[in-house]
Amino acid sequence: MKLLSGTSFFFVSTLVFFATSLLHSFLPLISDFNAYRWFQVVIVTCGFLFLATIRKKQFTLIFFVVALIVTSLGPAPYSFVFLVFDLGYWVSVILVALYISMEKVEPVELAKWVSVGASIGCLLYLPTIVMGVGFWYAQEAGRITDFLPFGFYGIRPWSQIATWLLPLTVVTIFLASIMPLFRHRFWKWVLITSAGFWFFVLISSGARGSLISQFLSLAFLLVFFGKSVWPIFKLWVTLFSIGFVFYLVLVFVIPSFFFDEVKASLSLRTHSSGRVELWAFALELSVRNFPLGAGPLSYIAETPVSANATPHSLYFRWAAEYGWLVVLVFIAGLVWLASPLFRQMRSVNIEKVESFQLAIIWSALAAFVHASVSGVFTSPYSLTVGFPVLIVFFVFMIKVKASLKLTELHIRGGSAAAAVLFSISIAMMPSMHSWYVEAKRDQELFFETYKSSLSPRFWLHGRYIENRMEELEFKH
(Lines give C-alpha, C1' and ligand atoms only; values in the text may rest on other atoms or scores of the structure.)
Protein backbone atom coordinates (compact mmCIF):
# COMPACT_ATOMS: atom_id res chain seq x y z
CA MET A 1 0.00 0.00 0.00
CA LYS A 2 1.47 3.32 -1.05
CA LEU A 3 1.67 6.12 1.48
CA LEU A 4 1.56 8.70 -1.29
CA SER A 5 -1.54 7.97 -3.34
CA GLY A 6 -0.91 10.62 -5.93
CA THR A 7 -1.71 14.19 -6.83
CA SER A 8 -4.93 14.29 -4.82
CA PHE A 9 -3.18 13.36 -1.58
CA PHE A 10 -0.49 15.94 -2.25
CA PHE A 11 -3.07 18.65 -2.93
CA VAL A 12 -5.10 17.88 0.19
CA SER A 13 -1.95 17.86 2.33
CA THR A 14 -0.80 21.15 0.78
CA LEU A 15 -4.18 22.77 1.40
CA VAL A 16 -4.11 21.62 5.03
CA PHE A 17 -0.62 23.06 5.50
CA PHE A 18 -1.59 26.41 3.96
CA ALA A 19 -4.95 26.72 5.73
CA THR A 20 -3.70 25.75 9.19
CA SER A 21 -0.74 28.13 9.03
CA LEU A 22 -3.01 31.04 8.14
CA LEU A 23 -5.89 30.20 10.48
CA HIS A 24 -4.00 28.50 13.33
CA SER A 25 -5.22 31.00 15.94
CA PHE A 26 -8.81 29.83 15.32
CA LEU A 27 -8.00 26.11 15.51
CA PRO A 28 -7.80 23.89 18.61
CA LEU A 29 -4.55 22.09 19.49
CA ILE A 30 -2.35 24.21 17.18
CA SER A 31 -3.55 27.71 18.07
CA ASP A 32 -0.23 29.08 19.36
CA PHE A 33 3.40 29.18 18.21
CA ASN A 34 4.64 26.27 20.35
CA ALA A 35 1.72 23.99 19.48
CA TYR A 36 2.20 24.71 15.79
CA ARG A 37 5.92 23.94 16.15
CA TRP A 38 4.94 20.43 17.26
CA PHE A 39 2.73 20.18 14.17
CA GLN A 40 5.56 21.31 11.91
CA VAL A 41 7.99 18.84 13.51
CA VAL A 42 5.51 15.99 12.92
CA ILE A 43 5.35 16.97 9.23
CA VAL A 44 9.14 16.85 8.93
CA THR A 45 9.29 13.49 10.72
CA CYS A 46 6.55 11.96 8.55
CA GLY A 47 8.40 13.19 5.46
CA PHE A 48 11.14 10.65 6.19
CA LEU A 49 8.58 7.83 6.00
CA PHE A 50 7.90 8.06 2.28
CA LEU A 51 11.32 6.91 1.15
CA ALA A 52 12.00 4.86 4.30
CA THR A 53 9.09 2.46 3.77
CA ILE A 54 10.03 1.56 0.18
CA ARG A 55 11.97 -1.29 1.82
CA LYS A 56 9.63 -2.21 4.66
CA LYS A 57 11.68 -5.03 6.23
CA GLN A 58 14.82 -2.90 6.12
CA PHE A 59 12.87 0.02 7.62
CA THR A 60 11.48 -2.06 10.49
CA LEU A 61 14.91 -3.42 11.41
CA ILE A 62 16.63 -0.02 11.23
CA PHE A 63 13.86 1.72 13.17
CA PHE A 64 14.09 -0.56 16.21
CA VAL A 65 17.89 -0.77 16.23
CA VAL A 66 18.51 2.99 15.86
CA ALA A 67 15.71 3.98 18.24
CA LEU A 68 17.08 1.56 20.84
CA ILE A 69 20.63 2.91 20.48
CA VAL A 70 19.59 6.58 20.65
CA THR A 71 17.27 6.16 23.64
CA SER A 72 19.91 4.14 25.52
CA LEU A 73 22.25 7.14 25.32
CA GLY A 74 19.95 9.14 27.57
CA PRO A 75 18.35 12.56 27.03
CA ALA A 76 19.74 14.36 24.02
CA PRO A 77 21.16 17.89 24.42
CA TYR A 78 18.75 20.55 23.24
CA SER A 79 21.31 21.74 20.70
CA PHE A 80 21.26 18.28 19.09
CA VAL A 81 17.46 18.17 19.06
CA PHE A 82 17.49 21.52 17.28
CA LEU A 83 20.09 20.29 14.78
CA VAL A 84 17.98 17.22 13.91
CA PHE A 85 14.88 19.25 13.13
CA ASP A 86 16.63 22.31 11.66
CA LEU A 87 18.72 20.54 9.02
CA GLY A 88 16.28 17.61 9.05
CA TYR A 89 13.68 19.90 7.46
CA TRP A 90 15.79 20.20 4.32
CA VAL A 91 16.62 16.50 4.26
CA SER A 92 12.93 15.64 4.62
CA VAL A 93 12.05 17.92 1.69
CA ILE A 94 14.70 16.31 -0.53
CA LEU A 95 13.73 12.74 0.42
CA VAL A 96 10.04 13.37 -0.35
CA ALA A 97 11.09 14.97 -3.65
CA LEU A 98 13.18 11.88 -4.48
CA TYR A 99 10.21 9.65 -3.69
CA ILE A 100 7.91 11.65 -5.97
CA SER A 101 10.57 11.64 -8.70
CA MET A 102 10.42 7.84 -8.74
CA GLU A 103 6.63 7.89 -9.07
CA LYS A 104 4.71 8.50 -12.27
CA VAL A 105 3.59 11.97 -11.19
CA GLU A 106 4.00 15.02 -13.41
CA PRO A 107 5.68 17.81 -11.43
CA VAL A 108 3.82 20.41 -13.51
CA GLU A 109 0.54 18.92 -12.29
CA LEU A 110 1.77 19.14 -8.70
CA ALA A 111 2.81 22.75 -9.29
CA LYS A 112 -0.66 23.56 -10.59
CA TRP A 113 -2.36 22.16 -7.51
CA VAL A 114 0.08 23.85 -5.15
CA SER A 115 -0.83 27.13 -6.88
CA VAL A 116 -4.52 26.36 -6.49
CA GLY A 117 -3.96 25.56 -2.80
CA ALA A 118 -2.14 28.87 -2.32
CA SER A 119 -5.02 30.73 -3.96
CA ILE A 120 -7.60 29.01 -1.77
CA GLY A 121 -5.50 29.92 1.26
CA CYS A 122 -5.50 33.53 0.03
CA LEU A 123 -9.30 33.43 -0.14
CA LEU A 124 -9.66 31.81 3.28
CA TYR A 125 -7.71 34.58 4.98
CA LEU A 126 -9.67 37.42 3.30
CA PRO A 127 -12.46 37.52 5.95
CA THR A 128 -9.78 37.74 8.66
CA ILE A 129 -8.28 40.83 7.00
CA VAL A 130 -11.69 42.47 6.73
CA MET A 131 -12.38 41.59 10.36
CA GLY A 132 -9.10 43.18 11.47
CA VAL A 133 -9.93 46.42 9.62
CA GLY A 134 -13.40 46.37 11.21
CA PHE A 135 -11.93 46.00 14.70
CA TRP A 136 -9.63 48.96 14.01
CA TYR A 137 -12.58 51.10 12.96
CA ALA A 138 -14.56 50.04 16.02
CA GLN A 139 -11.66 50.85 18.34
CA GLU A 140 -11.24 54.35 16.92
CA ALA A 141 -7.72 54.44 18.32
CA GLY A 142 -4.28 53.05 17.73
CA ARG A 143 -2.70 52.04 14.44
CA ILE A 144 -4.03 49.54 11.96
CA THR A 145 -0.92 47.43 12.56
CA ASP A 146 -2.34 46.71 16.04
CA PHE A 147 -5.05 44.65 14.33
CA LEU A 148 -3.36 43.36 11.18
CA PRO A 149 -2.35 40.73 10.37
CA PHE A 150 -5.09 39.35 12.60
CA GLY A 151 -4.30 36.07 14.39
CA PHE A 152 -0.49 36.49 14.30
CA TYR A 153 1.86 37.90 16.93
CA GLY A 154 3.28 40.35 14.37
CA ILE A 155 3.74 41.08 10.71
CA ARG A 156 6.94 39.05 10.30
CA PRO A 157 5.51 35.49 10.41
CA TRP A 158 2.57 36.50 8.22
CA SER A 159 4.72 38.33 5.66
CA GLN A 160 6.91 35.24 5.37
CA ILE A 161 3.82 33.22 4.44
CA ALA A 162 2.88 35.93 1.92
CA THR A 163 6.31 35.57 0.31
CA TRP A 164 5.56 31.91 -0.42
CA LEU A 165 1.89 32.24 -1.43
CA LEU A 166 1.52 35.49 -3.36
CA PRO A 167 3.73 34.41 -6.31
CA LEU A 168 1.65 31.24 -6.64
CA THR A 169 -1.58 33.23 -6.39
CA VAL A 170 -0.46 35.74 -9.02
CA VAL A 171 0.26 32.94 -11.49
CA THR A 172 -3.10 31.32 -10.68
CA ILE A 173 -4.82 34.58 -11.62
CA PHE A 174 -2.71 34.78 -14.78
CA LEU A 175 -3.76 31.24 -15.77
CA ALA A 176 -7.29 31.45 -14.36
CA SER A 177 -8.90 30.34 -17.64
CA ILE A 178 -7.39 26.84 -17.29
CA MET A 179 -7.53 26.57 -13.50
CA PRO A 180 -10.10 24.62 -11.47
CA LEU A 181 -12.64 26.91 -9.74
CA PHE A 182 -10.92 30.12 -10.82
CA ARG A 183 -11.86 29.67 -14.48
CA HIS A 184 -15.25 31.09 -13.42
CA ARG A 185 -15.20 34.87 -13.67
CA PHE A 186 -16.76 35.40 -10.24
CA TRP A 187 -14.10 33.42 -8.40
CA LYS A 188 -11.34 34.98 -10.48
CA TRP A 189 -12.41 38.46 -9.39
CA VAL A 190 -12.81 37.34 -5.79
CA LEU A 191 -9.23 36.03 -5.95
CA ILE A 192 -8.00 39.31 -7.48
CA THR A 193 -9.70 41.20 -4.64
CA SER A 194 -8.17 38.84 -2.07
CA ALA A 195 -4.68 39.28 -3.53
CA GLY A 196 -5.19 43.04 -3.43
CA PHE A 197 -6.05 42.81 0.26
CA TRP A 198 -2.93 40.72 0.92
CA PHE A 199 -0.83 43.46 -0.67
CA PHE A 200 -2.81 45.97 1.40
CA VAL A 201 -1.69 44.19 4.60
CA LEU A 202 1.94 44.13 3.46
CA ILE A 203 1.86 47.84 2.55
CA SER A 204 0.02 48.99 5.68
CA SER A 205 2.44 47.02 7.88
CA GLY A 206 5.55 48.20 6.07
CA ALA A 207 6.60 44.62 5.27
CA ARG A 208 9.49 45.62 3.03
CA GLY A 209 11.20 42.23 3.09
CA SER A 210 8.34 40.34 1.48
CA LEU A 211 7.54 43.00 -1.14
CA ILE A 212 11.16 43.53 -2.15
CA SER A 213 11.95 39.80 -2.29
CA GLN A 214 8.93 39.14 -4.52
CA PHE A 215 9.90 42.01 -6.80
CA LEU A 216 13.61 41.15 -7.02
CA SER A 217 13.03 37.44 -7.66
CA LEU A 218 10.43 38.18 -10.35
CA ALA A 219 12.74 40.80 -11.92
CA PHE A 220 15.50 38.16 -12.05
CA LEU A 221 13.15 35.74 -13.83
CA LEU A 222 12.13 38.52 -16.22
CA VAL A 223 15.76 39.17 -17.13
CA PHE A 224 16.55 35.45 -17.42
CA PHE A 225 13.46 34.25 -19.35
CA GLY A 226 12.44 37.42 -21.14
CA LYS A 227 9.02 38.27 -22.48
CA SER A 228 7.32 35.07 -21.25
CA VAL A 229 7.51 36.52 -17.73
CA TRP A 230 6.46 40.06 -18.69
CA PRO A 231 2.66 39.46 -18.41
CA ILE A 232 3.14 37.98 -14.93
CA PHE A 233 5.33 40.94 -13.96
CA LYS A 234 2.64 43.39 -15.13
CA LEU A 235 -0.02 41.46 -13.21
CA TRP A 236 2.06 41.59 -10.00
CA VAL A 237 2.43 45.37 -10.39
CA THR A 238 -1.32 45.67 -11.01
CA LEU A 239 -2.21 43.67 -7.88
CA PHE A 240 0.31 45.69 -5.85
CA SER A 241 -1.38 48.87 -7.15
CA ILE A 242 -4.80 47.53 -6.14
CA GLY A 243 -3.40 46.88 -2.67
CA PHE A 244 -2.05 50.42 -2.51
CA VAL A 245 -5.47 51.83 -3.49
CA PHE A 246 -7.08 49.72 -0.74
CA TYR A 247 -4.50 51.17 1.65
CA LEU A 248 -5.30 54.77 0.73
CA VAL A 249 -9.06 54.22 0.90
CA LEU A 250 -9.25 52.08 4.06
CA VAL A 251 -6.53 53.77 6.09
CA PHE A 252 -6.91 57.42 5.02
CA VAL A 253 -10.09 58.21 3.09
CA ILE A 254 -12.75 56.31 5.06
CA PRO A 255 -11.36 57.19 8.53
CA SER A 256 -11.25 60.87 7.55
CA PHE A 257 -15.04 60.86 7.21
CA PHE A 258 -15.84 59.02 10.45
CA PHE A 259 -13.03 59.80 12.90
CA ASP A 260 -12.10 63.15 14.40
CA GLU A 261 -8.41 62.38 13.95
CA VAL A 262 -6.82 60.09 11.42
CA LYS A 263 -3.95 58.30 13.13
CA ALA A 264 -2.25 56.83 10.12
CA SER A 265 0.87 57.37 8.16
CA LEU A 266 2.75 55.73 5.36
CA SER A 267 4.62 52.76 6.81
CA LEU A 268 7.82 53.49 4.94
CA ARG A 269 10.88 52.58 6.99
CA THR A 270 14.40 53.29 5.91
CA HIS A 271 16.21 51.86 8.93
CA SER A 272 17.30 48.24 9.38
CA SER A 273 15.03 47.51 12.39
CA GLY A 274 18.11 46.51 14.39
CA ARG A 275 19.19 43.85 11.91
CA VAL A 276 22.66 45.30 11.28
CA GLU A 277 23.62 44.80 14.93
CA LEU A 278 22.30 41.23 14.86
CA TRP A 279 24.21 40.49 11.66
CA ALA A 280 27.35 41.92 13.24
CA PHE A 281 26.94 39.51 16.18
CA ALA A 282 26.51 36.59 13.78
CA LEU A 283 29.39 37.64 11.53
CA GLU A 284 31.76 38.03 14.47
CA LEU A 285 30.76 34.59 15.79
CA SER A 286 31.21 33.00 12.35
CA VAL A 287 34.66 34.53 11.86
CA ARG A 288 35.75 33.52 15.35
CA ASN A 289 34.72 29.91 14.62
CA PHE A 290 35.58 29.79 10.91
CA PRO A 291 34.85 27.66 8.91
CA LEU A 292 32.62 25.19 10.85
CA GLY A 293 30.73 27.57 13.13
CA ALA A 294 30.16 27.51 16.86
CA GLY A 295 27.47 24.81 16.89
CA PRO A 296 23.65 24.66 16.98
CA LEU A 297 21.98 27.38 19.11
CA SER A 298 25.38 28.97 19.82
CA TYR A 299 24.11 32.33 18.56
CA ILE A 300 21.79 32.47 21.58
CA ALA A 301 24.57 31.53 23.98
CA GLU A 302 27.02 34.12 22.66
CA THR A 303 24.79 37.17 22.31
CA PRO A 304 23.30 39.49 24.96
CA VAL A 305 19.84 38.93 26.36
CA SER A 306 18.79 42.20 24.74
CA ALA A 307 19.47 40.73 21.28
CA ASN A 308 16.99 38.63 19.33
CA ALA A 309 17.32 34.85 19.42
CA THR A 310 18.03 34.82 15.69
CA PRO A 311 19.93 37.27 13.45
CA HIS A 312 16.94 37.46 11.08
CA SER A 313 18.98 35.92 8.29
CA LEU A 314 19.21 32.25 7.39
CA TYR A 315 22.67 32.69 5.93
CA PHE A 316 24.18 34.62 8.86
CA ARG A 317 22.59 32.19 11.32
CA TRP A 318 23.99 29.17 9.50
CA ALA A 319 27.38 30.87 9.17
CA ALA A 320 27.47 31.56 12.91
CA GLU A 321 26.23 28.13 14.02
CA TYR A 322 27.22 25.71 11.23
CA GLY A 323 29.98 27.68 9.53
CA TRP A 324 30.54 29.40 6.20
CA LEU A 325 31.48 26.03 4.73
CA VAL A 326 27.90 24.80 5.17
CA VAL A 327 26.53 28.02 3.69
CA LEU A 328 28.76 27.71 0.62
CA VAL A 329 27.94 24.00 0.17
CA PHE A 330 24.21 24.80 0.43
CA ILE A 331 24.39 27.59 -2.17
CA ALA A 332 26.68 25.58 -4.47
CA GLY A 333 24.38 22.56 -4.21
CA LEU A 334 21.34 24.63 -5.16
CA VAL A 335 23.18 26.16 -8.12
CA TRP A 336 24.37 22.69 -9.24
CA LEU A 337 20.82 21.32 -9.10
CA ALA A 338 19.05 24.37 -10.52
CA SER A 339 21.39 25.16 -13.43
CA PRO A 340 20.16 22.32 -15.74
CA LEU A 341 16.53 23.28 -15.02
CA PHE A 342 17.14 26.92 -15.91
CA ARG A 343 19.12 25.97 -19.03
CA GLN A 344 16.36 23.64 -20.19
CA MET A 345 13.64 26.24 -19.63
CA ARG A 346 15.67 28.89 -21.42
CA SER A 347 16.43 26.66 -24.41
CA VAL A 348 12.79 26.04 -25.31
CA ASN A 349 10.64 28.43 -27.29
CA ILE A 350 9.99 31.49 -25.14
CA GLU A 351 6.21 31.11 -25.43
CA LYS A 352 6.44 27.53 -24.20
CA VAL A 353 8.11 28.24 -20.86
CA GLU A 354 5.86 26.51 -18.37
CA SER A 355 4.13 29.09 -16.16
CA PHE A 356 3.55 26.58 -13.36
CA GLN A 357 7.29 25.96 -13.24
CA LEU A 358 7.81 29.70 -13.04
CA ALA A 359 5.31 29.94 -10.18
CA ILE A 360 7.20 27.41 -8.06
CA ILE A 361 10.62 28.84 -8.94
CA TRP A 362 9.42 32.38 -8.20
CA SER A 363 7.94 31.34 -4.85
CA ALA A 364 11.08 29.45 -3.78
CA LEU A 365 13.45 32.14 -5.06
CA ALA A 366 11.46 34.86 -3.25
CA ALA A 367 11.71 32.82 -0.03
CA PHE A 368 15.49 32.43 -0.41
CA VAL A 369 15.86 36.18 -0.97
CA HIS A 370 13.55 37.05 1.94
CA ALA A 371 15.46 34.59 4.16
CA SER A 372 18.50 36.86 3.94
CA VAL A 373 16.70 39.46 6.08
CA SER A 374 14.04 37.48 7.94
CA GLY A 375 13.28 34.18 9.68
CA VAL A 376 11.56 32.55 6.71
CA PHE A 377 13.19 29.25 7.68
CA THR A 378 12.73 29.75 11.43
CA SER A 379 8.99 30.33 11.90
CA PRO A 380 6.98 27.07 12.02
CA TYR A 381 4.21 28.69 9.95
CA SER A 382 6.57 29.65 7.13
CA LEU A 383 8.37 26.29 7.27
CA THR A 384 5.07 24.43 6.96
CA VAL A 385 3.87 26.54 4.03
CA GLY A 386 7.23 26.21 2.31
CA PHE A 387 7.37 22.42 2.69
CA PRO A 388 5.22 21.46 -0.36
CA VAL A 389 6.57 24.37 -2.42
CA LEU A 390 10.17 23.27 -1.88
CA ILE A 391 9.28 19.63 -2.55
CA VAL A 392 7.94 20.50 -6.02
CA PHE A 393 10.90 22.85 -6.59
CA PHE A 394 13.32 19.99 -5.89
CA VAL A 395 11.25 17.56 -7.99
CA PHE A 396 11.63 19.87 -10.98
CA MET A 397 15.39 20.06 -10.44
CA ILE A 398 15.83 16.31 -9.85
CA LYS A 399 13.78 15.39 -12.94
CA VAL A 400 15.94 17.54 -15.18
CA LYS A 401 19.28 16.51 -13.68
CA ALA A 402 20.22 14.04 -16.41
CA SER A 403 23.19 12.65 -14.48
CA LEU A 404 20.93 11.37 -11.70
CA LYS A 405 20.37 7.66 -12.32
CA LEU A 406 18.53 5.99 -9.47
CA THR A 407 19.79 2.42 -9.26
CA GLU A 408 18.64 -0.25 -6.81
CA LEU A 409 21.66 0.59 -4.66
CA HIS A 410 20.68 4.28 -4.56
CA ILE A 411 17.10 3.43 -3.62
CA ARG A 412 18.14 1.00 -0.91
CA GLY A 413 20.69 3.49 0.48
CA GLY A 414 18.22 6.38 0.41
CA SER A 415 15.60 4.25 2.11
CA ALA A 416 18.08 3.26 4.83
CA ALA A 417 19.10 6.90 5.41
CA ALA A 418 15.46 7.96 5.66
CA ALA A 419 14.77 5.15 8.13
CA VAL A 420 17.70 6.24 10.31
CA LEU A 421 16.51 9.85 10.31
CA PHE A 422 12.94 8.83 11.11
CA SER A 423 14.16 6.69 14.00
CA ILE A 424 16.33 9.51 15.38
CA SER A 425 13.43 11.98 15.07
CA ILE A 426 11.10 9.70 17.02
CA ALA A 427 13.78 9.10 19.65
CA MET A 428 14.24 12.88 20.00
CA MET A 429 10.60 13.49 20.99
CA PRO A 430 11.04 12.96 24.78
CA SER A 431 14.03 15.33 24.86
CA MET A 432 12.10 17.81 22.75
CA HIS A 433 9.20 17.66 25.19
CA SER A 434 11.56 18.31 28.11
CA TRP A 435 12.95 21.29 26.22
CA TYR A 436 9.39 22.54 25.63
CA VAL A 437 8.45 22.22 29.33
CA GLU A 438 11.63 23.97 30.41
CA ALA A 439 11.11 26.78 27.92
CA LYS A 440 7.57 27.36 29.24
CA ARG A 441 8.84 27.47 32.84
CA ASP A 442 11.72 29.72 31.92
CA GLN A 443 9.40 32.02 29.97
CA GLU A 444 7.60 33.05 33.16
CA LEU A 445 10.88 33.78 34.94
CA PHE A 446 12.12 35.71 31.91
CA PHE A 447 9.08 38.00 32.09
CA GLU A 448 9.58 38.58 35.81
CA THR A 449 13.32 39.26 35.51
CA TYR A 450 13.59 41.28 32.30
CA LYS A 451 10.01 42.37 31.56
CA SER A 452 10.96 42.10 27.90
CA SER A 453 9.15 40.78 24.86
CA LEU A 454 9.72 37.19 23.83
CA SER A 455 12.21 36.36 21.12
CA PRO A 456 11.01 33.36 19.07
CA ARG A 457 13.46 30.76 17.82
CA PHE A 458 12.54 27.08 18.03
CA TRP A 459 10.01 27.82 20.78
CA LEU A 460 8.22 31.12 21.27
CA HIS A 461 10.66 31.86 24.10
CA GLY A 462 14.03 31.22 22.52
CA ARG A 463 16.58 33.18 24.50
CA TYR A 464 17.49 31.04 27.47
CA ILE A 465 19.08 27.93 25.99
CA GLU A 466 22.66 27.57 27.31
CA ASN A 467 23.00 31.35 27.47
CA ARG A 468 26.24 31.99 29.33
CA MET A 469 26.02 35.79 29.43
CA GLU A 470 26.53 37.18 32.93
CA GLU A 471 23.42 39.33 32.81
CA LEU A 472 21.28 36.18 32.51
CA GLU A 473 21.02 35.52 36.23
CA PHE A 474 18.43 32.78 36.40
CA LYS A 475 19.04 29.12 35.72
CA HIS A 476 17.15 27.06 33.20
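In the predicted model, arginine 288 is partly exposed, because its relative accessible area of 47% lies between the limits of 20% for buried and 50% for exposed residues. Its salt-bridge partner is glutamate 284, and the closest N and O atoms of the two are 2.9 Å apart. Glutamate 284 is likewise assigned to the partly exposed class, with a relative accessible area of 41%. Both arginine 288 and glutamate 284 belong to helix 10, where 4 residues, about one turn of the helix, separate them. An α-helix has 3.6 residues a turn, so residues three or four places apart point the same way. Side chains of opposite charge can pair when their charged atoms come close.

Helix 10 itself comprises 14 residues, 275–288. At 1.5 Å a residue a span of 20 Å is expected, and the end C-alpha atoms of the helix are 20 Å apart, which agrees. Its buried residues are Arg275, Leu278, Ala282, Leu285 and Ser286. Viewed down the axis of helix 10, these buried residues fall within an arc of 100°, so they line one face of the helix. Glu277 and Val287, on the other side of helix 10, are exposed. The cover over the buried residues of helix 10 includes helix 6 (155–174), helix 8 (208–225), helix 11 (298–302), helix 12 (314–321) and helix 13 (324–347).

With regard to the protein overall, the secondary structure consists of 16 helices and 0 strands. Of the 476 residues, 55% are buried. Among contacts with a separation of 6 or more, 80% are made by residues 24 or more positions apart. The surface exposed by the protein amounts to about 20800 Å², of which carbon and sulfur atoms supply 68%.

Salt bridges were examined across the whole structure, and 6 were found. One of them joins glutamate 109 to lysine 112, with the closest N and O atoms 3.3 Å apart. These two residues lie 3 residues apart in helix 5 (residues 107–139), a spacing of about one turn of the helix. Glutamate 109 has a relative accessible area of 30% and is therefore partly exposed. Lysine 112, by contrast, is buried, because its relative accessible area of 16% is under the 20% limit.

A further salt bridge connects the side chains of glutamate 321 and arginine 457, at 2.8 Å from N to O. This pair links distant parts of the chain, 136 residues apart: glutamate 321 is in helix 12, whereas arginine 457 is in the segment after helix 16 (408–450). Glutamate 321 has a relative accessibility of 1% and so counts as buried. Arginine 457 is also buried, with a relative accessible area of 2%. Glu321 and Arg457 participate, together with Asp86 and Arg317, in a network of salt bridges.

Helix 9 (residues 230–258) contains phenylalanine 244, and tryptophan 236 is also placed in helix 9. The relative accessible area of tryptophan 236 is 5%, and this residue is therefore buried. When neighbours within four places in sequence are set aside, tryptophan 236 is in contact with Val170, Phe199, Leu211, Gln214, Phe215, Leu218 and Trp362. Tryptophan 236 and alanine 195 are separated by 41 residues in sequence, while their C-alpha atoms are 9.6 Å apart in space.

Phenylalanine 244 has a relative accessibility of 32% and accordingly counts as partly exposed. Phe244 contributes to a nonpolar surface patch of about 660 Å², which is made by this residue together with Val245, Leu248, Val249, Val253, Phe257 and Phe258.

Serine 355 is located in helix 14 (residues 355–370). With a relative accessibility of 12%, serine 355 counts as buried. Apart from residues up to four places away in sequence, serine 355 touches Val171, Phe174 and Leu175.

Conventions:
Residues numbered from 1 in each chain as written. Predicted model: local features only at pLDDT ≥ 70, side-chain atom pairs only at ≥ 80, totals over all residues. Heavy atoms only, no water. Patch = residues over 30% accessible without salt bridge, like charges linked within 9 Å, V, L, I, M, F, W, Y side chains within 5 Å. Areas by Shrake-Rupley, 256 points an atom, 1.4 Å probe, with all protein chains shown as cover. Salt bridge = Lys/Arg side-chain N within 4 Å of Asp/Glu carboxyl O. Buried < 20%, exposed > 50% of the residue type's maximum accessible area, 1.4 Å probe, protein only. Expected span 1.5 Å × (residues − 1). Arc of directions from axis to C-beta. Contact = heavy atoms within 4.5 Å.
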